[in-house]
Amino acid sequence: MAKVHLRNVTLDNFRECISLEVDESQKGFVASNVKSLAEAYVNPNLFPLAIYDAKVAGWEQPQLAMVGFTMYEITAGVGFILRLMIDHKYQGQGYGRAAMLEVIRRLKLHAEVELIATSHQTANEVASKLYRSLGFVDWDIEWARQHKSEIFLKLNF
């Protein structure tokens with residue numbers, strides 16, 4: 001199984017981060033990394049992170065390419081995983097699952113996080129399969145019902 005190392009997006013890796021692209025068939029399912037980074041710039045509750053293979057841990061300058069991007073939010077007791085994207089060159093190698101497991105681990109370390117949640121577009125069967133395989137279940141919360149094209153999921157712990 002792949003293992004990942006998450007790092008802050010900085011001036012040093014910003015261009016690499018915004019150049020990552022999902023497979024053509026997934027383009028409508030995830031916001032661009034530029035948009036996500038812009039949102040994080042103005043919202044202190046958002047935590048954008050670059051995804052690397054775990055082999056770069058300990059290196060000041062990663063010796064391998066960035067494989068993806070993730071971003072989560074902590075608000076109202078919920079750690080919400082807003083973004084997960086793996087560059088098309090690295091899909092199918094276990095990086096998505098490994099990144100989700102690492103983000104979940106990190107969210108559990110925050111005392112204020114009582115629930116971990118995520119969402120995906122209704123048509124995104126790949127995301128649905130991944131999230132459900134990690135134990136996420138439907139989250140029936142009133143405010144989410146107004147988002148007809150999204151499915152909201154929660155992970156109780």
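In this predicted model, the axes of helices H3 and H4 come within 11 Å and cross at roughly 45 degrees. That angle makes H3 oblique to H4, because it falls in neither the parallel, the antiparallel nor the perpendicular range. As for handedness, the crossing of H3 and H4 is right-handed.

What do the two helices actually touch each other with? On the H3 side there are Gly-96, Arg-97 and Met-100, and these meet Leu-130, Tyr-131 and Ser-133 of H4. Sorted by character, the residues of this contact come out as 3 nonpolar, 2 polar and 1 charged.

H3 and H4 turn up again in the largest pocket, which has a volume of about 700 Å³. A total of 30 residues line this pocket, and the closest to its centre are Leu-84, Met-85, Asn-124, Ala-127 and Tyr-131. Tyr-131 is thus worth a second look, because Tyr-131 of H4 also takes part in the contact with H3.

Which elements build the wall of the pocket? At least two lining residues each come from strand S4 (78-86), helix H3 (95-108), strand S5 (115-121) and helix H4 (125-133). The lining of the largest pocket is a mix, too: 14 of its residues are nonpolar, 12 are polar and 4 are charged.

Technical notes. Residues are numbered from 1 along each chain as its sequence is written. This is a predicted model: local features need pLDDT of at least 70, side-chain atom pairs count only at pLDDT 80 or more; totals for chains, interfaces and linings use all residues. Side-chain values use heavy atoms; hydrogens and water are left out. On a 1 Å grid over the protein atoms alone, a cavity is a set of points where a 1.4 Å probe fits but cannot get out, and a pocket is an open set with protein on both sides within 12 Å along at least five of seven lines; lining residues have an atom within 4 Å of a point. Grid points are joined across faces, edges and corners, and a volume is the space filled by probe spheres set on the points. Helices (H or I, at least four residues) and strands (E, at least two) are DSSP runs, numbered from the N terminus. Ala, Val, Leu, Ile, Met, Phe, Trp, Tyr, Cys and Pro count as nonpolar, Asp, Glu, Lys and Arg as charged, and the others, Gly among them, as polar. Axes are lines fitted to C-alpha atoms, for helices over the stretch in contact, and angles run from 0 to 180 degrees between N-to-C directions. Angles under 35 degrees count as roughly parallel, over 145 as roughly antiparallel, 65 to 115 as roughly perpendicular and the rest as oblique. A crossing is left-handed if the near helix is turned anticlockwise from the far one by less than a right angle, and right-handed if clockwise. Contact means heavy atoms within 4.5 Å.
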